[in-house]
Amino acid sequence: MQQHKAFLDQFLIRRLIFVNSAAYAYTEIRLDQHTALFGRNNLGKTSMLNALKLFLLPEENFRRCERKFGFKGANGKEYGTAESFAYYFPEERSFIVLEAENVHGAFCLVLHQGKREFSYARMAVPGAYDYLRPGFWNFDSAENEGLGGPVAHLNLPDLLASLRQQGGIDLHDVKTIKERLFTERPLDPDLGRFCLLPLKQGGTQREIDAWRQLIHLAFDISSREESTLPNAIATIMEGEKQRDAEQVSVDFAGILQAYHDLRAEGDRLQSLKNHRPLWNSFDSNYQRYLEESRFTSQDFLSLQAALRERGSTLEKEASQTSRARDEKQRVYQANQEQIRQLQDQLQTLAGQRQSEEKLVVRLQTSLDRVARIAADFPDYLNNDQLLEALAARRDELCVSCEGLRTRESREQRMTDLTVEINELQAQSARLKALLDQQQGALLAQLSPHGASVLQALNPEFATLQVNLNDSQREAIETFTALFGKRPEDSSDSRSGEFLGQALKQLVIVAYDAYNQRERWEEQLNALDIRLRKARQERNELDQLGRQPGDSLQKRLAEVEAQLSETGRDIEAVKGYGIVDQQFRECQAALEATREKQHHQREALETLQAAEERLHQDWKRAETRQQELDQQRSSVRRQSESLDSLRETHAPILSHWMSQLQAQPLAYQDGLADRLRDRLQSLRENGEALREQMSALLSAGLLENKADAAYRMLSLGELKTLRADFETAFAQLEAADFHHRERVSAHNKETAIKMDELRGAARQIRTFVQEINQEFKAYAVSNLAEVQVCLSLHPRFDQLLQELEPIDLRTDELADPQLYERLNDFCEEFFVQGSGRGPTLSMEQIIRRVSYRYRLEGHSHFDDKEQSNGTTSMVNSLLLSILIKRLLRQDARISLPLVMDEMASLDRDNLQTAAQIAQHHGFFLFGASPDMSSEIIMAVNHYVNLGAFQATTASYSPDRRVIYHGQCERLFSESLGEEADAGTTAFHEEGAVSRPAPQFELVSPD
């Protein structure tokens, strides 16, 4: 056997390294030797064992973690997606490394955080881990009492770049992972460099599913859980089916449906035979009904066409009459509207004329007032002069009012009047002197130019009386000669200039002695009037001062009234021009209004004259329209009667409408009623036909037509269904023969499918026989033979028993209960897949896997439960056999078998389990919270994780375990002798090895 193994390709798992992951700052553990992990709970022992699944399964994230990895703690608690990811990859610089070896050499798989949520990624690097170690931990550091410290500035991008320089490749997706890790290519080093597990078919989904179950078993080698082994064996069996044809795929739902279809078809054919007399009666009645309904429908169409033609004629005439009536009504109403409009307009013009006449009178009154005012001032020629005179009168009245209000004001007024009278007398005397002695005036002694210049410079020069000598006159003339008029001015009054320079404020007017005298006379007259009024007012004030107070008040009221009247006179004079313009405009508007009234009265008389004639024309057209409406109504009622017949007898008439044409027919009274009677008779006959058809349909004689039995059928539907029945009854004999042939074929197909179920049972028995045959090659402890027993689901066994006596080689259908049981079994034990449909699930059928044992010296087997050690040994044998069925024949793997609670096994069983595992290429890898000499004696190598803690530095305070030395082991002080409990000591590995304990193992090699 050892010679045979020498030719096997070895696939080894060497060591597992944690960097800033789980509870570990940095930890290396060898996996190619039996190893026990000691340490208190929550130190991460179980999680270290579980981490192997991340490498051994082609996954890339922690989603649905419970189903993928089955992570459990020592207490059996399952860990979910978020907490598992956060535990193994809490940071970007968290890594888990696996060192392995195959025929192409050593290589490492480096796991690290992925880019997506809850994902992790792989990098495969060629070479042993010794070349990668410095990148993860600084062994030269004196930190942590010489155990080293974290690598400064460790980060994921830089580390991956460094690994790629060493030949590392990224395994991005599940497909690539399967191709590189589970496909062996011994002749292609590039593609086979990183093969971790050489599966026969290169990692098909069935192989992966089987491998996943075996991994769960390897990680629970001492498990007694009933679901672990059944699931593993069921998946292995499914994985060994290399072709879809090997799958038990039975569409019992389809078989059951075919059975029901055949049963229904047979019942239908028999029902056809039973209903032939009813069909013959229906067919005879149908022919008579068809002929009568055709004639009646022809008469209906003809009458309908005659009414339609008469209605069309009346409609045209009514339309023309309606248009003529509407036109006459429109003309009459338009005439009425014009009359109303003209009447409204005349009424409006009357009001407008009245307003305009009132306005003309009011404006004329204003103009007459101004004329009366002007008559009181005959010496004033224009409105401006008149306004000045009125303003002067207003001022005088204001002063008079002030003088009359109080004694003081009156006395002050009299004083003012005395002063004014004196001034006016002086001015009057001076003007009279000027008029009497005009020749002695200053300006009269000068040239016209000189007189004009002095007058322009100051008008008072005209009032000076002096006698000029020659020198004075010459000086004045010389001075005035310096002034002149602007040459561009041609009028008598124009701008002056001095020494040729323009003087814009100096206006030189030609001096005229005659005109000057007239102005003085006018001024003298005005002074005399003012003087006379002042004297009169002073006398009145003097007299009023001697009268009682009421006389003063009366006089004050009179003056105030005069003052108010004068104010109104001023306003009237100011608005004279506007009022005069408005007066002329109002007179013109009034004349236009009178003219418009005249024309509109003439138009109104014309419209009123035509009113009666237009009204008579409209009434005659209205009467004719009413006559036509009555005729149309009569035709409409008759048509509606036909429409009612068509609706109530639609099943009869609608069938023939597209097949018949109307014939000439003169309408007669009562024809519609006769049609109604004929249609009613046809309707009753049709109901009888439908009842017969309903009876035929209710019997299910036509496929997919039974629902028609419960609704009103048209004549066309009756015709179609009759044709279907005619065909069905004509082909009845042929259909019955064909049905029997189909039943026979169906029975053969059902028998084949039931044989496939029996084949599944045979496959399970064959598989168990093969496993037990291999078990015979080994003897464990005092067991002469171990056998695997598979308990199948009782319903599966019962179904096989029920199928045994059934004979389906006939043309008669089997008992329907058989099909119901087959369908129920399919729904529970078959799973829906892609391609062929539902397939039999071995996992559903295999309910329990157990062992039975035959002790040495005994002839019978006993299924009594064995110790954990025995169970572990047997499980190890079974695991090795099952794994070999997945691997290619010339390959051997080295895989750690996980035993979480090693302390549960006694020393002898643990030693035996270790040796059996190693014999098949496995190594026990277990954990225990407390150190145990029995465990140490059994597995040789151990690590006390609790003794190695970071003291000064780690990547994170949450991850402090540091271990990277060799495993400790138990050896004998006496070289070459087996140690016992009293002479043991602890040394590092590599000191002295101890002889392997003896165990009983029988192999065919």
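**Close-up 1. Arginine 473 and its partner in helix α17.** In this predicted model, arginine 473 is partly exposed, its relative accessible area being 25%. Salt bridges that share partners also occur elsewhere in the model, where Arg15, Glu28, Glu99, Asp130 and Arg133 are joined into one network. Arginine 473 itself forms a salt bridge with aspartate 470, and the closest N and O atoms of this pair lie 3.1 Å apart. Both residues belong to helix α17, which covers residues 470–481, and because they are 3 residues apart there, about one helical turn separates them. Aspartate 470 has a relative accessibility of 60% and therefore counts as exposed.

**Close-up 2. The salt bridge between arginine 30 and aspartate 32.** The closest N and O atoms of arginine 30 and aspartate 32 are 3.1 Å apart, and the two residues form a salt bridge. Arginine 30 has a relative accessible area of 27%, so this residue is partly exposed, whereas aspartate 32 is buried, with a relative accessible area of 15%. A search of the whole structure finds 38 salt bridges. As a general point, side chains of opposite charge can pair when their charged atoms come close.

**Close-up 3. The salt bridge between arginine 325 and aspartate 326.** In this view arginine 325 forms a salt bridge with aspartate 326, with 3.0 Å between the closest N and O atoms. Here arginine 325 is the buried partner, at a relative accessible area of 16%, while aspartate 326, with a relative accessibility of 34%, counts as partly exposed.

**Close-up 4. A nonpolar patch on the surface.** Four residues, Leu457, Phe479, Leu482 and Leu499, form a nonpolar patch on the surface, and together they have about 360 Å² of accessible area. Leucine 457, one of the residues in this patch, has its place in helix α16, which covers residues 448–457. The relative accessibility of leucine 457 is 38%, so this residue counts as partly exposed.

**Close-up 5. The crossing of helices α22 and α23.** Helix α22, made of residues 671–698, and helix α23, made of residues 715–730, have axes that come within 12 Å and cross at roughly 45°. The angle between the two axes therefore makes α22 oblique to α23. As for handedness, α22 passes α23 in a left-handed crossing.

Key: Residues are numbered from 1 along each chain as its sequence is written. This is a predicted model: local features need pLDDT of at least 70, side-chain atom pairs count only at pLDDT 80 or more; totals for chains, interfaces and linings use all residues. Side-chain values use heavy atoms; hydrogens and water are left out. Patches are made of residues with over 30% relative accessible area and no salt bridge: like charges are joined within 9 Å, nonpolar side chains (Val, Leu, Ile, Met, Phe, Trp, Tyr) within 5 Å. Accessible areas come from the Shrake-Rupley method with a 1.4 Å probe; for residues, only the protein chains shown count as cover. A salt bridge is a side-chain nitrogen of Lys or Arg within 4 Å of a carboxyl oxygen of Asp or Glu. Helices (H or I, at least four residues) and strands (E, at least two) are DSSP runs, numbered from the N terminus. Buried means under 20% relative accessible area, exposed over 50%, partly exposed in between (1.4 Å probe, protein chains only). Axes are lines fitted to C-alpha atoms, for helices over the stretch in contact, and angles run from 0 to 180 degrees between N-to-C directions. Angles under 35 degrees count as roughly parallel, over 145 as roughly antiparallel, 65 to 115 as roughly perpendicular and the rest as oblique. A crossing is left-handed if the near helix is turned anticlockwise from the far one by less than a right angle, and right-handed if clockwise.
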